[in-house]
Amino acid sequence: MIIANNVSKQFGKLKALNNVSVACNKGECIALLGPNGSGKTTLIKSILGMVVPDSGFITFNGKNILHDWLYRRHIGYMPQIGRYPDNMTIEQVFNMMKDIRSFNEDTAPDNSLAEQFGLTGMLHKRMRTLSGGTRQKVSASIAFMFNPEVFILDEPTAGLDPVAAEMLKERIIFEKSKGKLVLITSHVLSDLDDLITHVIYMQEGALLFHKKIGELQADTGEQKLSKAIAAVMLKK
């Protein structure tokens with residue numbers, strides 16, 4: 001579904017991506033991991049078309065994304081920090097996103113996650129008044145609103161209360177069961193144990209490994225993701 005072929009990107013003297021090749025397929029829930037500065041964000045932005053690689057290319061359903069920008073309508077993206085106009089209400093933000101997406105949607109937007117989060121009772125509230133956790137709920141609701149084929153979730157549980165975090169994880173599991181591709185970055189590895197099928201680990205702009213979670217567990221003898229990652233790094 002999404003394939004990166006020998007992708008490299010440099011910003012000045014910093015090599016953010018160094019010849020990265022990965023394939024992400026339907027029905028997979030992939031943890032994109034690595035320390036700060038490892039290239040995770042640059043890879044995500046390259047997949048979203050926000051960064052153009054210096055070399056290599058990325059395909060979505062077999063088409064080079066440079067030649068088919070409409071592929072982005074098939075992606076639900078949840079940024080780590082959602083930035084919205086301060087004076088807009090939650091309802092206005094939702095309606096703005098629905099207007100933007102309406103040209104290619106055959107079905108009504110799915111507001112079920114917003115309802116679960118309790119956002120439908122505070123649609124009148126302006127974005128500047130919201131806590132960081134409530135902003136995260138708005139971002140998550142938008143990402144899941146348009147029934148995309150792919151979800152890219154950047155630190156999705158950051159700032160969420162435990163109940164909301166569980167709601168979101170249950171929704172991710174549900175979407176994965178329908179054959180969707182889910183790509184998640186997170187520093188809270190315990191949040192990923194029940195979700196992921198694969199792990200992509202990056203370091204200094206390069207791909208360190210891309211494995212099924214079962215393979216990683218077998219290689220390290222550890223069942224928990226955090227301990228498995230620690231075991232890999234201690235061997236290096």
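**Exercise 1. The four-stranded sheet**

Task: In this predicted model, determine which residue of β4 stands opposite I2, and place that pair within its sheet.

Solution.
Step 1. I2 has F60 of β4 opposite to it.
Step 2. The strands concerned are β1 (residues 2-11) and β4 (residues 55-60), which run antiparallel and are joined by five bridges.
Step 3. Both strands belong to an open sheet of four strands, whose order is β2-β1-β4-β5 and whose pairing is antiparallel.
Step 4. The edges of this sheet are β2 (14-24) and β5 (63-64); each has a single partner strand, so one side of each is left without a neighbour in the sheet.
Step 5. Helix α1 packs on this sheet, where it touches β1, β2 and β4. The direction of α1 makes about 60 degrees with that of β2.

**Exercise 2. The hairpin of β1 and β2**

Task: Describe how β1 and β2 pair, and state which residue in the turn has a positive phi.

Solution.
Step 1. Seven bridges connect β1 and β2, and the sense of the pairing is antiparallel.
Step 2. One of the pairs consists of F11 and its bridge partner L14 in β2.
Step 3. The two strands form a hairpin with two residues between them. In the turn, G12 has a positive phi of about 65 degrees.

**Exercise 3. The six-stranded sheet**

Task: Give the strand order of the open sheet of six strands, and identify the strands at its edges.

Solution.
Step 1. The order is β6-β7-β8-β3-β9-β10, and the pairing is mixed.
Step 2. At the edges stand β6 (75-78) and β10; since each has a single partner strand, one side of each lacks a neighbour in the sheet.
Step 3. On average, neighbouring strands of this sheet are turned by 15 degrees against each other, direction ignored.
Step 4. A parallel pair is formed by β3 (residues 29-33) and β8 (residues 181-185), joined by three bridges. Within this pair, C29 stands opposite V182 in β8.
Step 5. Helix α1 packs on this sheet as well, touching β3, β6, β7 (150-154), β8 and β9. Its direction makes about 135 degrees with that of β3.
Step 6. An antiparallel pair is formed by β9 (residues 198-203) and β10 (residues 206-212), over six bridges. Here Y201 stands opposite F209 in β10.
Step 7. The hairpin of β9 and β10 has two residues between the strands, and E204 takes a positive phi near 50 degrees.

**Exercise 4. Burial of helix α1**

Task: Establish how many of the eight residues of α1 are buried, and name them.

Solution.
Step 1. Helix α1 spans residues 40-47, and six of its eight residues are buried, which leaves the helix mostly covered.
Step 2. The buried residues are K40, T42, L43, I44, S46 and I47.
Step 3. Just after the helix, G49 takes a positive phi of about 80 degrees.

**Exercise 5. Two helix pairs**

Task: Classify the arrangement of α2 with α4 and of α6 with α7 as roughly parallel or oblique.

Solution.
Step 1. Two packed helices are described by the angle between their axes and the distance between the axes.
Step 2. For α2 (residues 90-101) and α4 (residues 132-143), the axes come within 11 Å and cross at roughly 25 degrees. Helix α2 is therefore roughly parallel to α4.
Step 3. The crossing of α2 and α4 is right-handed. In the contact, I90, V93, F94 and M97 of α2 meet V138, S141 and I142 of α4. By class, six of these residues are nonpolar, one is polar and none is charged.
Step 4. For α6 (residues 213-220) and α7 (residues 225-235), the axes come within 9 Å and cross at roughly 60 degrees. These two helices are therefore oblique to each other.
Step 5. The crossing of α6 and α7 is left-handed. Helix α6 contributes I213, L216, D219 and T220 to the contact, and α7 contributes L225, A228, I229, A231, V232 and K235. The contact residues divide into seven nonpolar, one polar and two charged.

**Exercise 6. The setting of Q217**

Task: Decide whether Q217 is buried or exposed, and state which residues it contacts beyond its neighbours within four places in sequence.

Solution.
Step 1. Q217 is found in helix α6.
Step 2. The relative accessible area of Q217 is 18%. Buried means under 20%, so Q217 is buried.
Step 3. With neighbours within four places in sequence left aside, Q217 is in contact with E222 and Q223.

Note on methods
Residues numbered from 1 in each chain as written. Predicted model: local features only at pLDDT ≥ 70, side-chain atom pairs only at ≥ 80, totals over all residues. Heavy atoms only, no water. Buried < 20%, exposed > 50% of the residue type's maximum accessible area, 1.4 Å probe, protein only. Pairing = 2+ DSSP bridges. Axes fitted to C-alpha atoms, helices over the stretch in contact; angles between N-to-C directions. Parallel < 35°, antiparallel > 145°, perpendicular 65-115°, else oblique. Left-handed = near helix turned anticlockwise from the far one by under 90°. Contact = heavy atoms within 4.5 Å. Nonpolar A, V, L, I, M, F, W, Y, C, P; charged D, E, K, R; others polar.
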